[in-house]
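Biologist: I am new to this structure and would like to go through its interior and its charged pairs. May we begin once it is shown?

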Amino acid sequence: MNKAADLVSRFLTGDYYKEVVLGHMTLKMYPPTIKELINIFPRWELSVQETTTRAEIMSKMPENSWQSADIVSRACIRGQRTGFKRAALQQYIMHYASHEEITNAVMQLSIVIRGDELFKECQLDKTVREKASIILGNNNMMGQVASFIENLHLSYNEVLNEIPYPVLLMMSSDKLRTLSPDEKIINKISGQEFMKRRMKNRN
């Protein structure tokens with residue numbers, strides 16, 4: 001099984017997670033559903049899309065250590081089997097984890113939310129339009145929920161509570177669709193093939 005197939009399998013079966021060391025414990029971060037994502041960032045304006053960069057997510061993370069520990073504890077709590085309550089886990093992180101460990105955990109969380117490894121390994125069709133389309137909406141999480149429901153023909157409960165957020169992003173990016181008349185496929189070529197073509201054109 002290649003890496004892309006393995007990642008897809010792990011995301012679909014719920015076996016994908018990132019481990020982070022915080023103090024004396026190694027904790028797991030699983031891809032959150034939209035509801036879990038909202039709970040991780042309470043009262044935060046967070047709108048993550050396929051085009052959102054990791055830097056944009058990181059810029060929304062608080063600089064305050066207590067708030068960072070709060071976010072990390074919310075992200076880790078569902079992956080633990082220790083019986084920890086979230087408030088107790090937050091206190092543990094604040095007491096035992098170093099600033100570097102908390103910062104790394106926040107970085108790993110941004111990777112998990114975006115599904116960076118999934119999008120890096122999976123081949124996606126890239127296209128370009130002759131005339132750029134004007135797209136409106138998807139300015140907040142409500143708009144994205146509506147888009148997932150409409151584009152993927154899912155129920156409100158499936159989008160909000162059941163399917164992990166990066167899986168929704170990949171499903172939207174790789175769903176079967178028809179190429180529009182003004183749209184062209186961008187063909188990727190390897191560096192070796194590119195050099196062969198250049199040499200051929202010179203001759």
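Biologist: Which residues have the most contacts inside the largest nonpolar core?

Modeller: This is a predicted model. In general, nonpolar side chains of soluble globular proteins tend to be buried together. Here the largest nonpolar core has 45 residues, and those with the most contacts inside it are Leu22, Met29, Ile34, Val72 and Ile93.

Biologist: Which helix gives the most to this core?

Modeller: The core in question is the one that has 45 residues. The element that gives the most to it contributes 6 residues and spans residues 99–114; this is helix α6.

Biologist: Which residues does Val72 touch, not counting residues up to four places away in sequence?

Modeller: Val72 is among the residues with the most contacts inside the core. With residues up to four places away in sequence not counted, Val72 touches Leu22, Met29, Ile93, Ile102, Ala105 and Val106.

Biologist: How many salt bridges does a search of the whole structure find?

Modeller: One of the pairs is Glu117 with Lys18, and another is Arg86 with Asp70. A search of the whole structure finds 6.

Biologist: How many residues apart are Glu117 and Lys18, which form a salt bridge?

Modeller: The closest N and O atoms of Glu117 and Lys18 are 3.5 Å apart. Glu117 lies in helix α7 (residues 116–121) and Lys18 in strand β1 (residues 18–22), so the pair links distant parts of the chain. The separation is 99 residues.

Biologist: Is Lys18 buried or exposed?

Modeller: Its partner Glu117 has 26% relative accessibility and therefore counts as partly exposed. Buried means under 20% relative accessible area. Because Lys18 has 17% relative accessibility, Lys18 counts as buried.

Biologist: Which helices hold Arg86 and Asp70?

Modeller: Arg86 forms a salt bridge with Asp70, with the closest N and O atoms 2.6 Å apart. These two residues are 16 residues apart and link distant parts of the chain. Arg86 is in helix α5 (residues 86–96), and Asp70 is in helix α4 (residues 65–76).

Biologist: Why does Asp70 count as buried?

Modeller: Arg86, at 26% relative accessibility, counts as partly exposed. The cut-off for buried is under 20%. Asp70 counts as buried because its relative accessibility is 10%.

Biologist: How far apart are the closest N and O atoms of Asp116 and Arg114?

Modeller: Asp116 counts as buried at 14% relative accessibility, and Arg114 counts as buried at 18%. The two form a salt bridge, and their closest N and O atoms are separated by 2.7 Å.

Biologist: Which residues are joined into one network by salt bridges that share partners?

Modeller: Arg86 and Asp70 form a salt bridge. Through shared partners, salt bridges join into one network the residues Asp70, Arg74 and Arg86.

How values were computed. Residues are numbered from 1 along each chain as its sequence is written. This is a predicted model: local features need pLDDT of at least 70, side-chain atom pairs count only at pLDDT 80 or more; totals for chains, interfaces and linings use all residues. Side-chain values use heavy atoms; hydrogens and water are left out. A nonpolar core is a set of buried Ala, Val, Leu, Ile, Met, Phe, Trp, Tyr and Cys residues joined through side-chain atoms within 4.5 Å. Buried means under 20% relative accessible area, exposed over 50%, partly exposed in between (1.4 Å probe, protein chains only). Helices (H or I, at least four residues) and strands (E, at least two) are DSSP runs, numbered from the N terminus. Contact means heavy atoms within 4.5 Å. A salt bridge is a side-chain nitrogen of Lys or Arg within 4 Å of a carboxyl oxygen of Asp or Glu.
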